[in-house]
Amino acid sequence: MRVLFIGGIEGNAGPQNVNKGIVGNIKLPFLYIHSNNKYMRYIESHWKMLFCDVIVSSTAMKHVCVLCPVIKMLMKKIVLIIHGC
């Protein structure tokens, strides 16, 4: 089972620190979004989504909302982690 993790890891805010911990400690074979560019995130998310069974998103970011219909069409599972709720 391959997992795609979508979430910000480049900043120093609370949720981003949690995301850094998740990326640093996960043991499963997984992919995550490397790009900081807004448009490249869309492209990278769509591309890597094709090779994963489960998509885990740490936020309900705009590009995740765009991905949801595509994820449903491909019959993949999605997990949303919303920090602070």
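Reader: Let me start with one residue: which residues does Asn17 touch, not counting those up to four places away in sequence?

Author: Happy to begin there. This is a predicted model, and in it Asn17 touches Gly11 and Asn12 once residues up to four places away are set aside. Asn17 has its place in helix H1, residues 14-25.

Reader: Is Asn17 buried, partly exposed or exposed?

Author: Asn17 is partly exposed, because its relative accessible area is 35% and that class lies between 20% and 50%. For a sense of distance, take Pro69: it is 52 residues from Asn17 in sequence, and the two C-alpha atoms are 29 Å apart in space.

Reader: Let's step back to the whole chain. What pattern does it follow along the sequence?

Author: The pattern is β-α-β-α-β-α-β, which comes to three helices and four strands. The radius of gyration is 12 Å, close to the 12 Å from the globule rule for 85 residues, so the chain is as compact as a globular protein of that length. Along the principal axes, the C-alpha atoms fill a box of roughly 35 × 30 × 25 Å.

Reader: How many of the 85 residues, as a percentage, are buried?

Author: Buried residues make up 33% of them. You may also like the contact statistics: of the contacts with a separation of 6 or more, 53% are between residues 24 or more positions apart.

Reader: Now helices. Why does the end-to-end distance of H2 agree with its number of residues?

Author: Each residue in a helix should add 1.5 Å, so the 12 residues of H2, 38-49, should span 16 Å; the C-alpha atoms at its ends are 17 Å apart, which agrees.

Reader: And how do I read the faces of a helix?

Author: Here is the general idea. An α-helix has 3.6 residues a turn, so residues three or four places apart point the same way. In H2 the buried residues are Arg41, Glu44, Ser45, Lys48 and Met49. Viewed down the axis of H2, the buried residues fall within an arc of 120°, so they line one face of the helix.

Reader: Which exposed residues does the face turned away from the buried side of H2 carry?

Author: That face carries Tyr39, Ile43 and Trp47. Look also at the start of H2, where a side-chain oxygen of Asn37 comes within 2.9 Å of the backbone nitrogen of Tyr39.

Reader: What about the interior: which residues form the largest nonpolar core?

Author: The general idea comes first. In soluble globular proteins, nonpolar side chains tend to be buried together. Here the largest nonpolar core has 10 residues: Leu4, Ile6, Leu31, Ile33, Met49, Cys52, Ile55, Val64, Leu67 and Ile71. Strand S1 (3-6) and helix H3 (62-73) each supply at least two residues of this core, and H3 gives the most, with three. There is also a second, separate core of six residues, which includes Val3, Phe5, Phe30 and Val54.

Reader: Could you take one core residue and walk me through its contacts?

Author: Ile55 is a good choice. Leaving aside neighbours within four places in sequence, Ile55 is in contact with Leu4, Ile6, Met49 and Ile71, and also with Lys76, Lys77, Ile78 and Val79.

Reader: Turning to backbone angles, which residue other than glycine has a positive phi near 60°?

Author: That is Met75, in the loop between H3 and strand S4, residues 77-80. At 76% relative accessibility, Met75 counts as exposed, because the class begins over 50%.

Reader: Where does Ile82 lie, and how far is its C-alpha atom from that of Thr59?

Author: Ile82 lies in the segment after S4. Its C-alpha atom is 5.6 Å from that of Thr59, with their positions 23 residues apart along the chain. Ile82 counts as partly exposed, at 44% relative accessibility.

Reader: One last stop: where is Leu28 found?

Author: Leu28 sits in the loop between H1 and strand S2, residues 30-32. At 43% relative accessibility, Leu28 counts as partly exposed. Leu28 and Met1 are 27 residues apart in sequence, while their C-alpha atoms are 7.9 Å apart in space.

Terms used: Residues numbered from 1 in each chain as written. Predicted model: local features only at pLDDT ≥ 70, side-chain atom pairs only at ≥ 80, totals over all residues. Heavy atoms only, no water. Expected span 1.5 Å × (residues − 1). Buried < 20%, exposed > 50% of the residue type's maximum accessible area, 1.4 Å probe, protein only. Arc of directions from axis to C-beta. Polar contact = N/O pair within 3.5 Å; in protein donor to acceptor, adjacent residues only side chain to side chain. Contact = heavy atoms within 4.5 Å. Core = buried A, V, L, I, M, F, W, Y, C linked by side-chain atoms within 4.5 Å. Rg over C-alpha atoms; globule rule 2.2 N^0.38 Å.
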